Amino acid sequence: MNDLDDRLTCESDSDTPKKKRTPKEKQNQTKPKPKWMCEPSVEERERLRKLKDRNDYLRNPRFLPPKSREGGSSLIRAKVKNKRSTKVSEDQSDDPAPVFIAKPSVIVFTDYIVGHIYESTLELINTTSTSCHVRVIPPNTQYFSIGLGRFPSEGGIVAPGLSCKYTVRFAPDSLGDYEDLLVVETHGKHLLKPGEDIFIELVFFPTAAERSSQTFTIVCDNCQVNDVSAEGEGQLVALELVSVSGEDEPLMLPPEPRESSVLKPVQVGSKLISVTAMEIEVKGPLFCQHFHSELMLIVENGTGCHVGVRADIQSPQVCLLNRKLVVSDHYIGVPAKCSVTLFNQTLLSSHFSWMAELRGQQAHLCTAIFDPPSGTLGPNETMEITVHFTPHSDVELTKVAAVCEVRGMNSPLVLAIAASKPKKLSVSYSLPGLCPSQSDTDPSALTLDFGEDVVLSKAATKQLLITNQSAIPAPFTLEAEYFSCHVSEPDNQSEKGSMQKHYGQVFDVVVIKTACVEFGADVRLDWKTYNIDQNDGKLVDVVLSYGDHFPLKDADGNEVMSGALGLSDEDAWTHAPLSDVTNVEEESSEPPPAGKNLISVHIRPHLGSLSDYPYCITPQQIVIPARSSRTIRVSFTPLTLSGSDCESRCAGFALGFMSLDSKTAVCVPGKVRRVQGLDLEPIRLDLQAAVKPAVLLVQMDEDGGVLGFNASAGDLLRAESDGKLVACEFDVTQSFQLVNPAEMPLRFRLGTKAPFSVLKPLRGSSSDPYTGDGQALVIQPRHSTRVKVAFHCSLPLLDHKNQTEDHKSAGVQLVHTENGWKKLRFQQNLLIQFSNNTQQTVPLCADLDLPTLSLSTDSLNFGFCCVGETRTTELNLYSDRARTFWNSHTESGVFRVSPDSGLLGSKKLHTTTYNQCLQISFTPSENREFKAMVVFQSPLVTTPLTLLLQGTGSLDEK
């Protein structure tokens with residue numbers, strides 16, 4: 001249908017290819033036609049033609065003769081008259097003639113008020129010579145809408161030259177600019193002329209081996225609509241791989257096709273052939289770099305061919321064209337722009353990603369930003385990476401590296417970074433006309449000479465040039481040592497002015513003070529976590545340190561600076577006097593640096609107990625660059641509640657002790673002095689957590705709080721085709737729902753003991769037992785999971801019915817019901833073991849029904865019976881609660897039981913009692929009394945059942 005849709009400016013072309021005339025046709029055309037009655041003469045026809053050409057009448061396309069041009073011409077396109085003929089045709093320009101013209105072409109709403117609805121009318125005029133259908137697609141945004149169209153006739157058809165109208169509404173919700181489009185759809189772009197056939201080609205590309213169908217709608221100008229349904233079936237190709245050259249080559253083809261799949265033959269006149277695609281996969285990594293092979297394609301009842309297979313075995317391999325980045329001409333806190341180049345050495349697209357954190361012992365003294373931080377390198381592509389490197393210390397950096405990970409590569413790319421010592425502030429001073437002095441020269445050598453002709457109370461001016469030769473700002477102040485002066489800055493030139501109020505020669509010194517404004521200093525934070533115990537009676541903490549309070553450490557926690565062995569301990573002196581700081585110095589073979597104590601003792605109020613459990617901060621030492629930020633991770637490991645069902649709260653806090661690694665940041669003699677470490681009030685972070693016992697909500701299909709199972713011992717035996725009994729085991733399954741009502745995930749394991757087991761779902765229809773030693777389960781907050789539990793029935797379970805009180809198994813008991821039935825009851829708890837060592841149980845109970853044999857009577861007396869004659873009596877054999885196999889045995893030859901064995905069962909569902917009708921026959925062999933005992937046995941019944949039979953043979957027929 002997309003090919004049939006046309007937009008507002010669709011071009012309609014109805015030209016018909018001219019048919020070559022045969023000589024016979026030409027001969028027929030030369031024959032004169034008979035004149036009609038009242039037919040005008042030749043002169044009258046010529047006069048009518050000239051009149052028509054002068055007025056340019058538009059003839060109705062419905063009444064055009066069959067050989068003339070069909071309808072569809074434009075009403076607004078100019079006519080072009082052929083000089084050699086008298087025919088008038090349309091101007092055949094490249095631009096298509098519009099089918100509909102919109103008035104207005106642009107609808108503008110101005111001076112609107114929020115909350116009001118504004119309307120405007122859109123008119124669509126048919127500019128062709130045929131009636132056309134029209135449909136307007138509504139706007140995309142919610143602020144514009146369109147009403148139903150008003151047509152000159154029914155059916156949504158607009159006649160030539162007529163128009164239809166739509167109402168466009170605008171509803172703004174705020175003051176702003178709004179824009180949208182209206183799309184007008186009309187006739188298709190294919191014109192079907194009288195007596196002409198058109199072929200529409202449908203292409204079928206199946207994506208699966210199944211039947212597919214689709215309906216196409218063809219709409220004509222004469223209001224005819226036809227639906228065409230196309231169907232097709234996608235099939236796999238019946239190809240056979242005969243051989244592959246070489247041995248042990250990792251060549252794989254798609255799964256075997258169906259035998260009924262064939263390639264359809266080429267249809268006569270069709271433009272497409274039956275094509276199929278076969279995917280060939282070469283598995284790696286391989287030891288070889290290049291792979292060559294050949295496939296043989298066999299076509300039934302046709303000619304086969306050989307297909308060559310060639311592959312280049314590659315794995316992602318990206319390298320740095322410059323493995324070391326050297327940064328020079330940079331300043332503290334000022335980003336320096338550099339670049340490195342990545343090169344993809346293979347034909348595979350490779351994804352790379354730069355690690356955010358730098359590596360190395362000096363990584364905390366600088367930062368680097370890579371642009372782009374990640375991306376994909378095409379085959380053999382190079383990419384330039386922009387690096388913004390910022391040093392935060394005034395030392396030379398040689399132990400810094402950046403890491404770039406490439407997906408598919410075993411080892412990441414390492415970019416070594418070397419940065420020279422950052423430059424300092426450089427300011428030069430000069431006078432106009434003289435060369436500027438260097439920053440290290442004494443500016444006192446310059447002299448501002450105002451001359452000897454300075455008039456009292458009048459200002460004399462001289463210029464002093466101060467040039468900042470560095471890339472960082474340099475604020476300055478300028479003042480006279482004795483007299484006063486005025487300073488202005490015209491055109492970036494410092495100008496010194498003086499007003500003479502005293503006569504005579506005046507000498508003074510101009511003092512210029514410049515300051516290097518660095519972007520702050522790096523701050524190192526050492527974190528310690530403490531627990532708050534309400535019953536703690538300690539008053540003060542004594543902290544003893546040797547060397548630095550908090551020495552600098554690497555990523556593994558090892559001290560970087562030599563000679564700074566940290567010895568920290570905290571103890572409680574309940575009777576010690578409370579003081580702020582107490583320093584103790586001891587003599588040493590190597591004296592400590594000036595102004596620094598070798599051993600220091602700090603006494604402070606006791607606030608909590610130092611511990612990294614249950615709260616822990618990682619990393620415990622971080623360096624925050626100047627005017628930057630870092631992220632720490634605070635973890636909480638819940639305490640074990642020891643089976644408590646109450647909520648427990650844990651209170652603690654963390655202290656961040658601040659230190660400065662730069663010596664100039666700590667102390668500038670006579671200018672700046674900063675305290676750090678234990679001498680400075682730390683940053684405090686209060687920590688609060690609530691520990692709730694891990695409890696899952698257990699939902700069962702039946703009420704009672706116990707997951708119940710019911711099984712019959714009669715299902716443990718099965719008869720083979722030869723009548724032999726075999727033992728079989730089976731499972732009875734039940735399931736329940738576990739719901740996590742907490743606000744955090746719960747991790748747990750499930751554990752049971754035989755004969756119960758937990759089944760975990762696997763792919764397919766089978767299930768395996770799940771024990772407590774298996775993989776832990778996790779239920780997300782407000783989620784649930786279904787647990788399936790199985791009760792495993794086997795013949796060894798029947799041994800429990802014979803147990804005595806002294807050897808009674810735990811969780812198993814023999815139950816006698818009021819009706820005399822027996823069953824084994826197995827009771828156990830399914831254990832839910834949570835990750836914090838707390839437990840929850842789900843009661844399990846299984847009843848195994850035991851068969852009980854009984855007879856409708858325990859004795860039969862046949863009385864007197866003639867010798868040689870047979871007397872038969874019926875009785876019933878019953879089995880309650882379970883099906884069972886049975887057999888009978890008697891040593892007497894005159895009594896007979898029929899049948900003598902079988903299965904007590906029923907095809908009816910929900911049956912608790914099974915019975916078998918038995919025929920007991922008595923055939924006396926002589927004139928005397930006979931007695932016998934029939935024993936009924938079952939492999940599932942321990943005590944056999946007996947039947948007493950009596951009868952007397954007689955020769956008297958009366």
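At 10% relative accessibility, D847 counts as buried, and this residue takes part in a salt bridge with R825. The structure is a predicted model. In the whole structure, a search finds eleven salt bridges. This briefing presents several of them, followed by some unusual features of the backbone.

**Salt bridges**

Side chains of opposite charge can pair when their charged atoms come close.

- In the pair formed by R825 and D847, the closest N and O atoms are 2.9 Å apart.
- R825 belongs to strand β58 (residues 822-834) and D847 to strand β59 (residues 839-850), so their salt bridge ties together parts that are 22 residues apart in sequence.
- R825 is partly exposed, as its relative accessible area is 22%, whereas D847 is buried at 10%.
- R211, E231 and E233 are joined into one network by salt bridges that share partners.
- Another salt bridge is formed by R135 and E185, whose closest N and O atoms lie 2.4 Å apart.
- This pair links distant parts of the chain, with R135 in strand β6 (residues 135-137) and E185 in strand β10 (residues 183-185), 50 residues apart.
- R135 has a relative accessible area of 48% and is partly exposed, while E185, at 8%, counts as buried.
- D701 and R786 also form a salt bridge, with 3.3 Å between the closest N and O atoms.
- D701 is located in the loop between β47 (697-700) and β48 (707-712), and R786 in strand β56, so this salt bridge ties together parts that are 85 residues apart in sequence.
- With a relative accessibility of 60%, D701 counts as exposed; R786, at 41%, counts as partly exposed.

**Unusual backbone geometry**

Most residues other than glycine have a negative phi, and most peptide bonds are trans. The following residues depart from these patterns.

- The peptide bond from D371 to P372 is cis, and its omega is near 0 degrees.
- P372 is placed in the loop between β22 (366-371) and β23 (374-377).
- A cis peptide bond also leads from Y613 to P614, with omega near 10 degrees.
- The loop between β39 (609-610) and β40 (615-618) contains P614.
- D329, a residue other than glycine, has a positive phi near 55 degrees, and D329 lies in the loop between β19 (324-327) and β20 (336-344).
- R782 is not a glycine either, yet its phi is positive, at about 60 degrees.
- The position of R782 is in the loop between β55 (777-779) and β56 (784-793), and R782 counts as exposed at 58% relative accessibility.

Note on methods
Residues numbered from 1 in each chain as written. Predicted model: local features only at pLDDT ≥ 70, side-chain atom pairs only at ≥ 80, totals over all residues. Heavy atoms only, no water. Helix = DSSP H or I, 4+ residues; strand = E, 2+ residues; numbered from the N terminus. Buried < 20%, exposed > 50% of the residue type's maximum accessible area, 1.4 Å probe, protein only. Salt bridge = Lys/Arg side-chain N within 4 Å of Asp/Glu carboxyl O.
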